[in-house]
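Student: I have a structure to look at and would like to learn how to read its empty spaces and its helix contacts. Where should we begin?

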Amino acid sequence: MDGLIAFGILLLIALPIITVVSFFMLIGTRRRLTAVERRLIAIEQGAGARPPLPDMIVPERIDEAPEVAAEPDDFAGTDATEPAPSETAAPARASAPSGPRESLEQKLGARWAVWVGGLALALGAIFLVRYSIDAGLLGPGIRVAFGAAFSLALLAAGEWLRRSPRVTAFSAIPAANIPGILTAAGTVGLFATVYAAYALYALIGPASAFILFAAIGLGTMAAAALHGPWLSGLGLVGAYATPLLVASRDPNLAILAFYLTFVSASAFGLARIRGWRWLAIAASVGALGWGLLMLVGTTSDALVGAAYALAFLVLTLVFLVIDVHRDSDPEPTPDWLASLVLAGAAALLVAGSAAHAYPATSIVAALFGGALMLAAAWRYDAVALGGGVAAALVVALLYFWPAASQAAAEPTTYVVDAVAAYFPLPATIVFFANVAAIGAAGLIATALARFRRHPEPGSFATAALVGAATAGPLLIIAMTYLRISGFTANPVLAAVALALAALYSALAARASSAERPDHPADIIATGLFAAGTVGAIAFALTMALDGGILTTAFALTSLGAAWVETKRPIVALRYAVLVMAIAVFGRIAWDPYVFDIRAGSAVYVSILAGYGIPTLAFGAAAVLLRRRATDRAALAAEAVALAMLALLVVFEIHAITFGGDLLAEDTRLGEQGLITATAFAFALGLTRLGRRGANPVTSVGAMIARFVGLLNAVIALGFALNPLVTGEPVAGSALLNEIVLAYWLPALLAGLLAMQPLPAGSGTIRRWLRLATGLAALGLAFGGISLEIRFLYAASPDLTVGIIGSAESYTYSAVWLVLGLLLLIGGLLFDVKAARLASAVVILIAVLKVFLIDMGSLEGIWRALSFMGLGLVLIGIGLLYQRLLFGGTRSTAPPAPEG
């Protein structure tokens with residue numbers, strides 16, 4: 001009995017499609033017969049050429065339809081028996097100069113007057129009814145009757161004027177057509193009259209009101225074929241709004257779906273016959289909106305929703321695909337309108353399944369709809385994107401399907417073993433797996449059948465179908481992995497992914513060894529199948545492995561893809577390396593603790609292996625890719641290798657700082673100092689590598705590393721972790737402590753980096769970064785020496801404890817002078833002006849300290865030694881400048897004679 005009910009509902013929904021399609025096919029046949037008759041008459045009369053056919057406007061595509069303003073009136077005084085003008089008159093009309101631009105007076109008199117007049121007539125009818133109500137002149141029945149009579153009179157007047165040759169002779173402005181305006185006013189009046197009879201006076205019931213509203217809306221769309229396109233919009237709005245205007249306590253969704261299908265079919269047919277693309281878009285939006293609206297509420301029915309969605313899909317395929325593209329070119333442009341409407345139908349099918357908790361009826365309907373889309377994509381290249389839409393349909397269907405919870409709710413208790421396999425499998429899991437398998441198989445089979453049927457497919461169709469056949473099954477496996485296994489290891493799915501990789505590999509080899517190796521379609525197919533192979537292998541590794549093993553497996557897969565690319569020059573394999581890099585970073589972001597080791601002595605080896613192997617793998621992949629070309633893929637591999645190396649060093653520093661405890665959330669002065677030194681070391685190494693040749697990776701990497709080092713030096717070492725600011729104890733001995741690691745080592749590397757010459761053509765940013773690096777080196781060196789002196793004199797590791805004595809104060813002055821002297825000597829020997837300027841700054845600070853602080857705070861021998869040392873150093877500096885820097889510029893004039 002349920003099967004008979006379902007068949008009856010499907011037949012009820014299909015009847016309007018069959019009726020409307022037959023009607024418009026009959027119209028098309030009649031037009032073609034009329035065209036044949038006219039051509040025969042022209043031939044008999046000796047015209048010798050095909051006459052223009054005013055009523056034969058049937059464009060091959062909706063988006064190629066002529067403008068409405070240029071469309072002739074199909075039924076305005078055209079006699080099929082009259083001889084047609086000769087073809088020689090057509091070029092004369094085409095080459096005739098365009099008329100003068102329409103003036104404001106013409107717009108006011110010819111256009112706006114008509115529009116305002118039509119609006120005034122409609123409002124006049126409404127105000128007349130309102131007056132009769134306020135004055136109590138007439139009863140409800142007479143008011144409704146007068147409203148209907150006035151509306152019908154307007155319709156009759158519009159039709160009479162349309163048929164009158166005198167009116168059609170001067171009413172030639174399509175946007176201000178007087179008969180059409182009167183017809184529209186009459187239509188609005190009829191809508192208002194029926195609504196008043198139903199909602200205000202209760203003169204008719206819901207069923208009668210529904211029938212009248214529907215008849216007015218559909219009749220308005222039919223009249224649009226005679227009066228103009230905008231009238232069809234009015235009728236479409238009225239037809240789709242009819243169910244909203246009529247309330248019902250027990251709505252019949254089957255009848256509503258039948259009505260909406262008939263309205264949509266009529267709108268599609270009218271849009272196809274008249275070439276009104278906008279009407280097809282409006283009908284699609286209205287039909288999809290009603291489809292989603294029917295899913296809301298307690299009265300929703302899964303069978304009716306599925307039947308309506310399939311009916312809408314069939315209408316789309318008939319009117320927007322089959323009828324439009326049956327005679328299309330071998331290389332057609334993509335039909336975006338049809339593709340978007342197909343996507344809307346797919347969304348409606350998925351929403352219907354989700355709204356009804358995934359009954360078998362909705363799922364089967366969704367699969368059948370996907371099959372129809374694949375068939376259209378297989379047959380028509382213009383809608384090859386239908387393959388991608390079908391893939392998205394299956395993926396979305398599986399994503400929103402709560403298979404695990406449904407399986408848990410089944411009455412039988414199932415046992416889950418160690419590999420997350422069910423014994424026996426629940427019925428829901430079996431159904432889910434079958435749907436996934438059918439969807440993946442259908443996508444692959446469609447692509448293969450397309451190549452078999454069309455040996456030379458277009459590039460667009462190839463990319464769309466092969467892309468759907470590769471990305472679709474991979475995403476289907478991913479959704480299965482999510483919904484069945486919950487992202488836990490599953491060897492069964494891993495084996496399926498490996499089998500898929502083998503299939504894609506064979507297809508890629510077949511496409512690359514074809515007889516047309518340079519054909520764009522074969523190149524695209526080879527690349528996509530090769531990318532699918534790498535992706536399937538990555539999925540298999542993800543489903544079989546976990547932790548650091550997965551990270552290293554991804555990296556080794558990228559190396560394998562690069563090696564295969566050296567044997568077979570497939571472009572997609574080069575970018576597969578980049579995809580693997582993204583997978584590695586995603587895995588690290590998900591869980592940076594490689595090999596699931598977070599503490600202990602083994603953590604050092606795990607970091608070295610977990611980050612070192614990907615570093616070597618991507619570095620080797622970059623070398624292999626560079627053998628053929630230095631493109632974005634090769635540069636990306638280099639960048640990933642550098643990033644992985646940086647992460648390796650950072651994690652090792654963190655582990656060493658906290659004794660192998662990666663879970664420590666705190667940081668220390670020594671850790672940040674080593675990270676700063678690492679950043680400057682990276683910048684130094686990349687800068688020197690960049691001298692060998694232009695390489696954006698080394699150039700940009702050096703700038704990023706330098707910037708990170710400068711930020712860390714200023715923020716972390718200068719303020720946030722400075723022991724004089726935080727009061728944290730400094731760890732280490734007198735010669736090797738955190739101050740040496742945090743300040744001396746970064747200062748040395750920053751100084752070496754600042755001394756590197758700038759490449760030719762360096763911009764302002766590089767010059768400022770170099771200056772900032774030099775200042776950071778000076779600041780780190782000065783601060784490191786000062787903190788070391790404080791550490792040696794302090795009574796405890798806490799540098800904020802205790803006072804500064806005379807000996808410590810004198811040591812600051814002496815050491816600062818020595819530092820300035822060393823900078824000066826180095827600047828003079830190596831001719832580095834920046835070092836000489838830095839020495840001047842340090843010596844100036846020492847001089848100010850001696851005169852401003854030591855003179856008042858030091859006593860006895862310390863004050864004398866301070867000034868004596870300062871004087872000796874300054875005199876020595878003067879001698880150095882005179883002898884080394886300006887020794888060659890002494891005067892060579894002869895001495896003056898005696899007497």
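Tutor: Begin with the lining of the largest pocket; note that this model is predicted. By class, the residues of that lining are 22 nonpolar, four polar and two charged.

Student: How is such a space found, and what is the volume of the largest pocket?

Tutor: Rolling a probe the size of a water molecule over the atoms shows where empty space is left. Here the largest pocket has a volume of about 980 Å³.

Student: Which residues lie nearest the centre of the largest pocket?

Tutor: The lining has 28 residues, and Gly751, Met755, Ala777, Leu823 and Ala835 are the ones nearest the centre.

Student: Which helices supply the lining of the largest pocket?

Tutor: At least two residues each come from helix H27 (738–754), helix H28 (764–793), helix H29 (806–829) and helix H30 (833–857). H28 gives the largest share, nine residues.

Student: Now the closed spaces. How many cavities of 30 Å³ or more does the structure hold?

Tutor: There are three cavities of 30 Å³ or more. The largest cavity has a volume of about 100 Å³.

Student: What lines the largest cavity?

Tutor: Its lining consists of 16 residues, with Gly305, Ala306, Ala309, Leu348 and Gly352 nearest the centre of the cavity. Helix H11 (302–325), helix H12 (336–355) and helix H13 (360–379) each supply at least two residues of this lining. The largest share, five residues, is from H11.

Student: How do the residues of the lining of the largest cavity divide by class?

Tutor: They divide into 10 nonpolar and six polar, with no charged residues.

Student: Let us turn to helix contacts. At what angle do the axes of H23 and H24 cross?

Tutor: To read a helix pair, look at the distance between the axes, then at the angle. The axes of helix H23 (residues 632–657) and helix H24 (residues 669–690) come within 10 Å and cross at roughly 155 degrees. H23 is therefore roughly antiparallel to H24, since angles over 145 degrees count as roughly antiparallel. The crossing in which H23 passes H24 is right-handed.

Student: Which residues of H23 and H24 meet?

Tutor: From H23, the residues are Leu642, Leu645, Ala646, Val649, Ile653, His654 and Thr657. In H24 they meet Glu671, Leu674, Ile675, Thr678, Phe682 and Leu686. By class, this contact of H23 with H24 has nine nonpolar, three polar and one charged residues.

How values were computed. Residues are numbered from 1 along each chain as its sequence is written. This is a predicted model: local features need pLDDT of at least 70, side-chain atom pairs count only at pLDDT 80 or more; totals for chains, interfaces and linings use all residues. Side-chain values use heavy atoms; hydrogens and water are left out. Axes are lines fitted to C-alpha atoms, for helices over the stretch in contact, and angles run from 0 to 180 degrees between N-to-C directions. Helices (H or I, at least four residues) and strands (E, at least two) are DSSP runs, numbered from the N terminus. Angles under 35 degrees count as roughly parallel, over 145 as roughly antiparallel, 65 to 115 as roughly perpendicular and the rest as oblique. A crossing is left-handed if the near helix is turned anticlockwise from the far one by less than a right angle, and right-handed if clockwise. Contact means heavy atoms within 4.5 Å. Ala, Val, Leu, Ile, Met, Phe, Trp, Tyr, Cys and Pro count as nonpolar, Asp, Glu, Lys and Arg as charged, and the others, Gly among them, as polar. On a 1 Å grid over the protein atoms alone, a cavity is a set of points where a 1.4 Å probe fits but cannot get out, and a pocket is an open set with protein on both sides within 12 Å along at least five of seven lines; lining residues have an atom within 4 Å of a point. Grid points are joined across faces, edges and corners, and a volume is the space filled by probe spheres set on the points.
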